[in-house]
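Please open the model in your viewer and keep the sequence panel beside it. The tour below moves from the whole chain to single side chains, with a selection to make at each stop.

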Amino acid sequence: ITIEAFQSGKPVITSDQSGGTLEFVENDVSGIVTDGSVDQISESINRLWADPTARKKMGKEGRKKVENITWDHTIERLLSTTK
């Protein structure tokens, strides 16, 4: 879901306990990393809703992070490891 959100130019709100998501989401750069509490998640949603400039900037940064993740690239990598 994180990759799809970034490919759509959307910032991601995640938890510091989310594992793989943290490989992509950089706090206040491509999204917001919370402690997973309802308070922090709702605060993050409200913050992004209230600040379209930050929301667009984070979305743009997220898109940059995943621009090389495509099905063609993935298939090419998978096939090259089987040789």
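What follows is a sequence of stops, each with something to select and a description of what is there.

**Before selecting anything**

This is a predicted model, in which local features need pLDDT of at least 70 and side-chain atom pairs count only at pLDDT 80 or more, while totals for chains, interfaces and linings use all residues. Residues are numbered from 1 along each chain as its sequence is written, and side-chain values use heavy atoms, with hydrogens and water left out.

**The whole chain**

Begin with the protein chain in cartoon view, where the secondary structure comes to 4 helices and 2 strands; helices (H or I, at least four residues) and strands (E, at least two) are DSSP runs, numbered from the N terminus. Followed from the N terminus, the elements are arranged α-β-β-α-α-α. The C-alpha trace spans about 50 × 25 × 15 Å along its principal axes.

Switch to a surface view, and the protein chain exposes about 6100 Å², of which carbon and sulfur atoms supply 53%; accessible areas come from the Shrake-Rupley method with a 1.4 Å probe, and for residues only the protein chains shown count as cover. Of the 83 residues, 24% count as buried, where buried means under 20% relative accessible area, exposed over 50%, and partly exposed in between (1.4 Å probe, protein chains only). Among contacts with a separation of 6 or more, 42% are accounted for by residues 24 or more positions apart, a contact being heavy atoms within 4.5 Å.

**Strand β1: Ser15**

Select Ser15, which is placed in strand β1 and, because its relative accessibility is 15%, counts as buried. Leaving aside residues up to four places away in sequence, Ser15 touches Leu22, Val33, Thr34, Asp35 and Gly36.

**The loop between β1 and β2: Asp28**

Move next to Asp28, in the loop between β1 (12-15) and β2 (31-34), and look at the backbone. Phi of Asp28 is near 65°, a positive value in a residue other than glycine. Most residues other than glycine have a negative phi.

Now show the side chains of Asp28 and Arg47, which meet in a salt bridge (2.6 Å, N to O); the term refers to a side-chain nitrogen of Lys or Arg within 4 Å of a carboxyl oxygen of Asp or Glu. Asp28 belongs to the loop between β1 and β2 and Arg47 to helix α2, so the pair ties together parts that are 19 residues apart in sequence. Asp28 counts as partly exposed at 42% relative accessibility, and Arg47 also counts as partly exposed, at 39%.

**The other salt bridges**

The structure holds 3 salt bridges, and another to display is that of Lys65 with Glu26, whose closest N and O atoms are 3.5 Å apart. This pair links distant parts of the chain, with Lys65 in helix α3 (residues 52-66) and Glu26 in the loop between β1 and β2, 39 residues apart. Lys65 is partly exposed, with a relative accessible area of 36%, and Glu26 counts as partly exposed at 40%.

Stay on helix α3 and select Glu61 and Lys64, whose side chains meet in a salt bridge (3.2 Å, N to O). Both residues lie in helix α3, 3 residues apart, which is about one turn of the helix. Glu61 is partly exposed with a relative accessible area of 25%, and Lys64 is partly exposed with 48%.

**Two surface patches**

Select Asp16, Asp35, Asp39 and Glu43, which gather in a patch of negative charge on the surface. Patches are made of residues with over 30% relative accessible area and no salt bridge, like charges being joined within 9 Å and nonpolar side chains (Val, Leu, Ile, Met, Phe, Trp, Tyr) within 5 Å. Within this patch, Glu43 lies in helix α2 (residues 38-50) and is exposed, with a relative accessible area of 57%.

For charge over the whole protein chain, the mean positions of the 11 positive and 13 negative charges are 8 Å apart. Lys and Arg count as positive and Asp and Glu as negative, while His and the chain ends are not counted; the place of a charge is taken as NZ of Lys, CZ of Arg, CG of Asp or CD of Glu.

Finish with Trp71, Ile75 and Leu79, which form a nonpolar patch on the surface with about 390 Å² of accessible area together. Ile75 is found in helix α4 (residues 71-81) and counts as partly exposed at 43% relative accessibility.
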